[in-house]
Structure formats: structure tokens, C-alpha cells
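Hi,

Here is the structure I promised to pass on. Have a look at it first, and then read my notes below.

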Amino acid sequence: MAEAAQNPVTQQEKIIVTNKHGEKLVGLLHDTGSGDIVILCHGFTATKEDPIMVNLAVALENEGISSFRFDFSGNGESEGIFEYGNYRKEADDLHSVVEHFSGTSRVASVILGHSKGGDVVLLYASKYHDIRTVVNVSGRYDLKKGIAERLGKDFMELIKKEGFLDIKNNTGGVAFRVTEESLMDRLSTDMHEACLQIGKECQVLTVHGSDDEIIPVNDAVEFSKIIPNHKLHIVRGANHCYTSHQAELASVVVDYIKTVLLQDKATSN
């Protein structure tokens with residue numbers, strides 16, 4: 001890693017991965033020539049072009065580390081229908097991506113997710129046990145919370161009545177539809193139970209902003225209590241999207257990833 005960091009030559013390549021449902025997932029590989037790849041997972045209603053995803057990819061490539069940022073099914077350029085819940089399906093999407101790179105000369109060594117993506121990478125680690133380094137950026141600990149703030153206080157009554165709820169955007173159009181099934185998917189996703197299934201060999205970094213207005217910083221503290229091999233970093237003053245703290249977020253994440261990759265390399269030697 002250290003040798004490549006002096007003068008990384010990065011090429012960006014669009015790659016399509018098919019998930020287990022036959023849907024094409026579209027992603028962009030930032031290829032520095034490193035054997036390790038960091039998989040970057042966006043949050044709710046976001047895409048691979050989210051500033052956090054792009055900035056982290058650039059910060060990693062500046063250190064000679066390859067990354068792959070992609071759109072989950074139903075988001076961005078990828079095929080499929082957008083769903084409100086879909087946490088476990090997105091973890092399966094991520095597995096398709098990891099498997100794709102395992103068939104090449106590279107290996108997906110680290111998975112990182114922001115917000116909903118943070119929950120997805122933790123769910124992945126609880127189910128598949130084939131990635132040793134996970135970075136959870138501002139994920140939610142209790143998925144029963146934060147719903148009324150986005151859907152309105154009467155969301156359950158309205159969904160039970162109509163079977164769905166359309167959430168409007170700023171111009172009055174439909175931003176996305178929440179079905180009863182997709183809502184139940186979220187409500188039945190238990191992050192506490194999932195995190196108890198993460199093995200001690202999996203090292204997890206949780207990063208969270210102290211001034212997060214979407215997901216309280218205490219959620220990060222709860223993760224730190226139950227994940228066995230866990231490190232917690234609070235970015236003071238940062239909001240949910242790290243609007244004024246992109247550089248600090250990138251520094252924390254990249255330093256951690258560089259350290260674990262070097263440790264893995266030393267162990268394997």
C-alpha cells in the first residue's frame with residue numbers, strides 16, 4: 001500500500017454486476033492497481049454519486065487504494081424497483097458485488113456504508129462472515145425510530161388503510177412510495193440481534209457526527225456496546241451528511257483502512 005501511495009495512477013471503469021434477482025447493479029471502479037478494494041455503499045435515496053461516496057473514493061485513491069462505489073437495486077443507474085425497506089436485499093446486493101471481485105485478481109477487503117448503507121454493511125457482516133473489516137458511517141441502531149419524522153406521525157394508520165403511502169418531494173411530485181410490505185421489512189430488521197452475530201474476527205469502525213440531526217449520535221454508542229471488535233470515532237460538530245466535515249471524515253476513514261490493510265498484509269506474510 002505504502003509504495004503505491006507515492007504516485008497512484010487511477011483509472012475509473014464502469015462495471016455491471018448482476019444480483020441474485022437478475023437485476024444489473026451499476027458501479028464505478030476507482031482502480032489504482034491495488035489488490036485490495038474498498039466497497040462503498042450509499043444511503044437512503046442516495047446513489048454512488050453522493051458526495052460522501054465520491055470524496056471517500058478520491059481520498060482512498062490518493063493513498064493508492066482501489067474502491068468501488070455502486071448503486072443498490074432500485075437506485076441510481078441500477079435496475080430494480082425502489083423500496084423503502086430492503087435492508088436485507090441490499091446486503092444481498094453487496095454480496096453479489098463482493099463475489100464479483102472475488103473472481104478477479106483483486107479482493108474486496110473492506111465494506112463501508114453511510115446511513116442506511118451503514119446498516120447494510122453491518123447486516124452483511126452478521127450474515128456472510130467473509131469480510132474482516134467493516135466501516136459503519138452514521139448507521140441507525142434502532143430501525144423502529146426515525147420513521148415518523150420522514151413519513152409523518154400518522155404513517156401507520158394511512159398505510160394500513162391504503163396499503164401504501166406516497167411521500168412527496170419539494171415540488172409536489174412523488175419522491176417515493178412506501179408499501180406496507182416495505183415498512184414491515186424495515187420494522188422487522190433488528191440491528192441489535194444482527195450485530196450479536198458479527199464475529200470477533202471482524203473489526204468494525206463506527207464513525208458518527210456529534211451533531212447528527214437525522215440519526216442521534218447515541219446510536220453509535222449503542223453499536224459500540226454490542227459489537228465485539230469495535231472502534232468508535234465521533235466527529236465533533238458534524239451533521240448527518242458531514243457537510244462541513246468531509247475532509248475529517250475522509251482522514252479518519254482512510255487512516256483506519258490503511259492501518260488494517262497493512263496489518264493484514266503483515267499477518268499474511
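Let's start with Gly209, which touches Ser138, Val217, Val235, Ala238 and Tyr242, leaving aside residues up to four places away in sequence. Before you go further, bear in mind that this is a predicted model. Gly209 is part of strand β9, which covers residues 203–209. Its relative accessibility is 0%, and Gly209 therefore counts as buried, the cut-off being under 20%. If you want a sense of distance, try Gly209 and Lys265: they are 56 residues apart in sequence, and their C-alpha atoms are 31 Å apart in space.

Next, the nonpolar cores. The largest one has 37 residues, and the ones with the most contacts inside it are Ile39, Phe68, Phe70, Leu94, Ile111 and Leu122. Take Leu94 from that list: not counting residues up to four places away in sequence, Leu94 touches Ile39, Cys41, Phe70, Ile111, Val120, Val121 and Tyr124. There is also a second, separate core, this one of 27 residues, and among its members are Leu40, Leu60, Val135 and Val253.

Leu60 brings us to helix α1, residues 51–61, where the buried residues are Ile52, Met53, Leu56, Ala57, Ala59, Leu60 and Glu61. What do they pack against? The buried residues of α1 pack against strands β1 (11–18), β2 (24–31), β3 (36–41), β4 (66–70) and β5 (107–114), and also against helix α9 (246–268). Look at the start of α1 too: Asp50 caps the N-terminal end of the helix, with a side-chain oxygen 2.9 Å from the backbone nitrogen of Ile52.

Now the aromatics. I count ten aromatic pairs in the structure. In one of them, the rings of Phe44 and Tyr84 have centres 5.6 Å apart and planes at 85°, so this pair is edge-to-face. Phe44 is in the loop between β3 and α1, while Tyr84 is in the loop between β4 and α2 (87–102), so the pair ties together parts that are 40 residues apart in sequence. Phe44 counts as buried at 16% relative accessibility, and Tyr84 counts as buried at 2%.

Tyr141 and Phe223 make another edge-to-face pair, at 5.5 Å centre to centre and with 85° between the planes. Tyr141 sits in the loop between β6 (133–137) and α4 (147–151) and Phe223 in helix α8 (218–226), so here the parts tied together are 82 residues apart in sequence. Both Tyr141 and Phe223 are buried.

Phe44 and Tyr84 turn up again in an aromatic cluster, together with Phe82 and Phe176.

Two rings also have a charge over them. The charged end of Lys116 sits over the ring of Tyr87, 4.9 Å from the ring centre. Arg177 lies over the face of Phe164, with 3.8 Å to the ring centre.

One last spot to visit is Thr189, in the loop between α6 (180–187) and α7 (191–195). Is Thr189 buried or exposed? With a relative accessible area of 5%, Thr189 is buried. Its side chain makes a polar contact of 3.5 Å with the side chain of Arg88. Leaving out residues up to four places away in sequence, Thr189 touches Tyr87, Arg88, Leu123 and Leu143. You have met Tyr87 already, as the ring under the charged end of Lys116.

Cheers

Definitions and conventions: Residues numbered from 1 in each chain as written. Predicted model: local features only at pLDDT ≥ 70, side-chain atom pairs only at ≥ 80, totals over all residues. Heavy atoms only, no water. Helix = DSSP H or I, 4+ residues; strand = E, 2+ residues; numbered from the N terminus. Buried < 20%, exposed > 50% of the residue type's maximum accessible area, 1.4 Å probe, protein only. Polar contact = N/O pair within 3.5 Å; in protein donor to acceptor, adjacent residues only side chain to side chain. Contact = heavy atoms within 4.5 Å. Core = buried A, V, L, I, M, F, W, Y, C linked by side-chain atoms within 4.5 Å. Phe/Tyr/Trp six-rings, centres within 6.5 Å; stacked < 30°, edge-to-face > 60°. Lys NZ or Arg CZ within 6 Å of the ring centre and 35° of its normal.
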